[in-house]
Amino acid sequence: MLKFSSCALGVALSFALMPAVYAKGEPVTLPRSVTAGPCIEGICEYRLPNGLRVLLFPDASKPTVTVNLVYGVGSMQENYGETGMAHLLEHLLFKGTPKHPDIPGEMQKRGVNKNATTSLDRTNYFASFPANDDTLDWLLAMEADRMLNSRVAKADLDSEMTVVRNEMEAGDNSPAGVLMKRMRSVAYDWHNYANLPIGARSDVENVPIGNLQAFYRTWYQPDNALLIVAGRIDADTTLSRIAAHFGPLKKPARTLPAFHTAEPTQDGEREVTVRRSGDLSLVAATYHVPALAQADSAALAVLGNVLGHTPSGRLHKALVETKLAAGTGAGSMSMRDPGLFNVIAVLPREGDAARAEAELLRQAEAIVARPVTADEVDAGKQRIGNDQENLFNNVNAVAMALSEYQAAGDWRLLFVQRDAIAKVTAADVNRVAAAYLKPSNRTLGRFVPTDAPDRAEIPAAPAIASVVDGYTGRAAVEAGEAFEATPQNIAARTQTFTLGDGLKVSLLPRRTRGQTVTVNAHFEFGSEQAISGRDTAAQWVGSMLLRGAAGQSYEQLVARFDALKTEASIGGSLQGAQIRLSGKRETLAEALALAAQVLRQPDFPQAQFEQLRLQAITGIEAQRKEPGMLASMAMATYFDPWPAGHPLHADSLDESLAKLNALKLGDLRAWHRDFYGTANGRISVVGDFDPEAVKAQLQALFAGWKSPAPYAPIATRYQPRAAHRESFSTPDKPNAVLLARQNLSLNVTDADAPALSIAVDILGGDPLKSRLADRIRQREGLSYGVSAGLRADDSRSGRDDNGSLTVQAIAAPENMGKVERALREELARLVADGVTEQELRDAVAARMVQREQSRASDGAVAGLLQELLDYDRSMAFVIERDAAYRSLTVDRVNAAIRTHLKPESLSVFVAGDFK
C-alpha cells in the first residue's frame with residue numbers, strides 16, 4: 001500500500017468532509033474544495049481545485065474496476081518536426097518515475113490489465129483489474145505520480161524510439177493502412193488531422209529529448225486531464241482517495257496553447273495512388289464532414305451504416321453481390337474538429353478496378369438520384385442502437401468509450417449523440433449525403449480543375465456548452481446482482497444435467513446488468529475415417545449456415561437477430577457445429593429457436609456460396625507476400641505430422657485454392673445431410689434467464705436430432721522434430737516476422753503443466769514485462785512485440801500430448817538477427833539458471849488475478865463451463881489447478897524447465913525484406 005509523504009499527507013488531511021450531494025439518489029460526500037458537476041445516467045463529474053476533472057461510475061454487478069486517465073493531447077497538438085511526439089511520450093510514461101521505477105512490473109504483479117493509446121485529440125492510460133482497494137489506491141497514486149514526475153530520459157528515448165519505429169513498420173505492412181494514411185495526408189491542406197499519431201519516421205528518429213520534456217510539462221497537468229473510475233467502487237472512498245493523491249498536485253500557472261487553424265473548403269477532386277508490394281487491391285474515397293458536436297454528425301453516422309453494413313448495406317449489394325468487390329465498408333470519423341467520411345472496397349486479385357471505382361463513387365455520390373428510404377434508416381438506427389445498448393450494459397466499456405467523446409469536446413456528447421441518432425430521419429440522411437458526398441469534396445487522389453466548382457461548406461461546431469448544458473439523459477440501465485464469480489460460487493449456482501443420450505448442459509442463472517444472457521453450444525459428430533477427403537466441405541458448411549436458412553435470406557436473418565437484440569455466431573468445423581448467442585432475457589427463447597432453425601434448415605444459396613468463395617480466394621491471394629503468412633505456413637508445414645488428404649493436414653496456399661475452386665454446392669448439402677445433428681454435444685447458458693424454461697426449450701430444440709455419423713475424436717500425439725531454420729525474402733515489406741517452435745510431450749493434466757506454464761509466462765508471457773520483453777523491447781529497443789506461449793494438449797480419455805513452445809516477434813529486417821540471437825540466449829539462460837523466487841511469486845500472483853479476472857465476464861464463464869463439460873470435469877478441476885499454481889516452488893518450476901525445454905531443438909522461421 002502506498003505511503004504518503006508528509007507533504008502529501010498534510011494536503012490529504014486538509015480535504016475535510018463537506019455536506020453531501022446526491023447522484024441517482026445515493027449520497028456522495030465531497031472532500032473539501034472538491035466540487036460536484038453534472039450527473040448523467042449514473043455517471044457523475046467532480047472537479048478538484050487544480051483543474052482535474054473526475055468521473056465516477058459505480059456498478060457493483062461485476063467485480064472489476066477500470067481506471068482511465070485521459071489527457072487532452074494527441075497528434076493534433078504536435079508542431080512541425082515533432083510528429084509522433086505524443087505517441088512517443090505515451091511509451092515513455094511506462095519507463096517509470098523515481099518513486100515508481102518499474103511501472104509494468106508493478107502492474108503485472110498486481111494482475112492489472114493495462115495499456116495506453118494515442119489518438120488525434122487525446123492520449124489515455126487505462127487499467128482494469130478485479131475490484132481491490134489496495135490495487136486501486138496504488139494505481140491512483142502511481143498515475144498522480146507519473147502525471148508530473150515521469151523520467152522522460154534520453155536513454156529511454158533511445159531504446160523506445162526503435163520500438164515505436166518498429167510499430168510504424170508493422171502498420172506499413174498493411175495495404176489498407178498505408179492507403180488511408182496517404183489519403184488523409186492529401187485530404188487536409190493545413191489542419192493537423194493530416195498526420196496520424198504514429199508520426200513521420202524522420203521526426204520519430206530525431207526528436208530532441210528537450211522537446212519531449214517540454215511537451216510533457218505543458219500537456220501532462222491536472223487541468224488537462226479527465227480521470228474516469230468505473231466498476232465496483234465506493235464513490236465516497238474513491239473520491240477521497242483521488243483527492244488525497246491528485247489534490248497535492250499544483251494547478252500550473254501556464255495557459256494551455258490554443259490552436260486556430262481551420263481547414264479551408266476543398267475546391268476540387270483529389271487523388272493519390274500508392275504502389276507497394278502486395279496482392280490486395282483497394283479503392284477508397286474520403287469526404288470532409290463536420291465535427292462531432294455539429295448537428296449533422298448523427299445523420300452521417302446513420303448514413304455510414306446504411307452504406308457500409310454487411311449484408312444489408314448499399315455498397316455490399318452493389319459491389320460484393322455483383323462480384324465487383326470481395327468486401328466493402330463505410331463510416332464517419334467525427335471528432336473535435338471537422339473529420340472525414342470514408343467508403344472503401346476490397347477487390348479480388350483479377351477484379352476490374354475501374355468498374356469497382358465507378359460503382360463505389362456512384363453509390364456514395366448519387367444518393368440524390370436514389371434517396372435512402374425510411375426502412376433503410378430504421379434498420380441502420382436499430383443496428384447502431386443495439387451496439388449502444390450493449391455498450392451501456394458494460395460499465396468498463398463505457399469508461400473506455402468516454403475517452404473519445406471527451407476528446408471531441410465533452411464526455412456528455414456520448415449521450416447527446418446517442419439521442420440525436422435516435423431522432424434521425426431519412427430526410428436528414430439524404431440531406432447530409434447531398435451536402436457532403438459530392439465530387440468537389442472527395443479525395444480519391446486526382447486533382448481536376450473545374451470551371452464551376454460545387455463546394456461543400458463545412459459548418460462550424462457550436463459552443464459545446466450550448467449542446468450539453470442542461471442535458472439530463474435517460475434513466476440509468478438497471479444493474480444486476482453483485483455475484484462473486486469464484487469457482488465455489490459458480491459451482492454452487494450452476495445446474496448440470498444431460499438431455500437425451502448425450503447432450504450435456506450447464507445453466508448458471510443470475511441477474512445481470514441489462515438482463516443480458518450468453519449461450520455457448522457445441523455439437524459433435526463424425527470420425528477421422530468418415531470425414532477424410534471431405535474436410536473442405538466441413539469447414540464451408542459452417543460458413544454458409546447464416547447465409548440463408550428456412551427460406552430467410554442472409555440479410556433477413558441478420559435483421560431478425562438485430563431485432564432480437566442478439567449477437568449471433570453460428571458455424572461449423574471439422575467435427576462439429578457451434579452456436580454462440582449474446583442477447584437479452586426477453587428475447588432468448590426466440591433467438592434460440594431461430595439459431596436452431598438456422599442449424600437444421602440451411603438453404604445454401606448459390607449466390608452467397610460464390611460470394612464467400614470470392615472472399616476466401618481474395619484473402620488467400622492477398623497473403624502470398626505477407627511475412628507473417630510465409631513464416632506461419634513454413635512452420636505449419638515443417639511440423640505437420642499428417643499426410644496429404646488427412647483432415648488435419650496443413651494445406652499450402654495453392655492446395656487451399658485448388659480445394660476452393662473444386663468445391664461444389666452439392667458437397668455442402670451432402671455434408672450437412674450426412675453429419676449434422678445436435679443430440680451429442682455441450683451447452684452452457686450464463687446470465688439472466690429462467691432455467692426451467694431454458695431446459696425445456698433445449699430439450700425440444702436439440703436433444704432429439706441425432707447425427708448419422710457418430711462422433712469419435714482424432715487422437716493427437718507428440719512428434720519430435722529436429723531443429724530447423726528457414727528464411728524468406730519479402731521485398732518492400734518494412735516489418736519482418738519471426739516464429740519459433742519446439743514440440744513438447746505435454747497434456748493439460750500432466751503434473752508438470754502448471755509449472756511449465758508459469759515458466760513460459762516468465763520467459764515471454766507479457767509483451768511489456770517478461771524476460772524477452774525486458775531485453776528485446778525495453779532494453780535493446782528492437783521490437784514492438786515479442787512473446788512466448790505454451791500449448792498443452794487435452795483429451796477426454798487417454799493422453800493426447802501434442803504440446804509445443806512457441807515464440808513470435810516482429811522487428812525491422814535489419815534488426816531481426818539481433819532479435820533471434822537474443823531470444824535464443826534468453827531461452828538458454830532460462831534452462832541453465834532457472835527462475836528466481838521473486839519471478840515465481842510475481843508470475844503466480846499475476847496468473848491468479850488473470851484467472852479471477854476472466855471469471856468476471858459471463859462469456860468467459862460460459863466458455864469455462866462448456867470446456868469443463870467437454871472434458872467431463874467439474875469446477876473442482878479449476879479449484880485444484882488454482883491450488884497447484886499457488887503451491888509451486890522454484891525447484892519444481894526449474895525441474896519442469898530442464899525436463900521439457902530444449903534450446904537446441906528450437907526451430908526458427910523468419911520472413912522480411914532482408915538485404
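Which residue stands opposite R47 in β5? Residue R53 does. Let me start there and work outwards. One caution before that: this is a predicted model.

So, the hairpin. Strand β4, residues 43-47, pairs with β5 in the antiparallel sense, over four bridges. Five residues lie between the two strands. Among the hairpin residues, G51 takes a positive phi near 100°.

Now look at β5 itself, residues 53-58. This strand is mostly covered. Five of its six residues are buried. On another pairing, β5 meets strand β9, residues 225-231. That pairing is parallel and runs over six bridges. R53 turns up again here: its bridge partner in β9 is L226. So R53 stands opposite R47 and is also bridged to L226.

Next, the open sheet. There are six strands, in the order β15-β16-β22-β17-β21-β20, and the pairing is mixed. Which strands sit at the edges? They are β15, residues 495-499, and β20, residues 567-573. Each of these pairs on one side only. Neighbouring strands in this sheet are turned by 10° against each other on average, ignoring direction.

Inside the sheet, take β17 and β21. They run antiparallel, joined by nine bridges. Strand β21 covers residues 576-584. For a landmark, find A521: it stands opposite I579 in β21.

Then the helix. α27, residues 691-702, lies across β15, β16, β17, β21 and β22. Against β16, which is residues 502-509, the helix runs at about 155°.

On to the aromatics. The structure holds 17 aromatic pairs. I'll pick one, F525 with Y676. Stacked, tilted or edge-to-face? The ring centres are 4.9 Å apart and the planes meet at 40°, so this pair is tilted. The pair also links distant parts of the chain. F525 is in the loop between β17 and α19. Y676 is in the loop between α26 and β22. The two are 151 residues apart. Both are buried.

There is also an aromatic cluster. Its members are Y71, F94, Y125, Y216 and Y220. One of them, F94, has a charge above it: the charged end of R146 sits over the ring, 4.9 Å from its centre. Elsewhere, R110 lies over the face of W138, at 4.3 Å from the ring centre.

Two loop residues to finish. First up is S75, in the loop between β6 and α2. Buried or exposed? Buried, because its relative accessibility is 1%. A polar atom of the S75 side chain lies 3.4 Å from the backbone oxygen of N195. Setting aside neighbours within four places in sequence, S75 is in contact with A86, S119, L120, N192, N195, L196 and P197.

The other is P459, in the loop between β14 and α17. P459 is partly exposed, with a relative accessible area of 29%. With neighbours within four places in sequence left out, P459 is in contact with P290, Q294 and Y436. Have a look at D296 as well. Its C-alpha is 9.2 Å from that of P459, and the two residues are 163 apart along the chain.

To recap: R53 sits opposite R47 in the hairpin, F525 and Y676 form a tilted pair, and S75 is buried. Thanks, that's my tour.

Note on methods
Residues are numbered from 1 along each chain as its sequence is written. This is a predicted model: local features need pLDDT of at least 70, side-chain atom pairs count only at pLDDT 80 or more; totals for chains, interfaces and linings use all residues. Side-chain values use heavy atoms; hydrogens and water are left out. Rings of Phe, Tyr and Trp (its six-membered ring) pair if their centres lie within 6.5 Å; planes under 30 degrees apart count as stacked, over 60 as edge-to-face and the rest as tilted. Buried means under 20% relative accessible area, exposed over 50%, partly exposed in between (1.4 Å probe, protein chains only). A charge sits over a ring if NZ of Lys or CZ of Arg is within 6 Å of the ring centre and within 35 degrees of the ring normal. A polar contact is a pair of N or O atoms within 3.5 Å; within protein, one must be able to donate a hydrogen and the other to accept it, and residues adjacent in sequence count only if both atoms are side-chain atoms. Contact means heavy atoms within 4.5 Å. Two strands pair if DSSP finds at least two bridges between them. Axes are lines fitted to C-alpha atoms, for helices over the stretch in contact, and angles run from 0 to 180 degrees between N-to-C directions.
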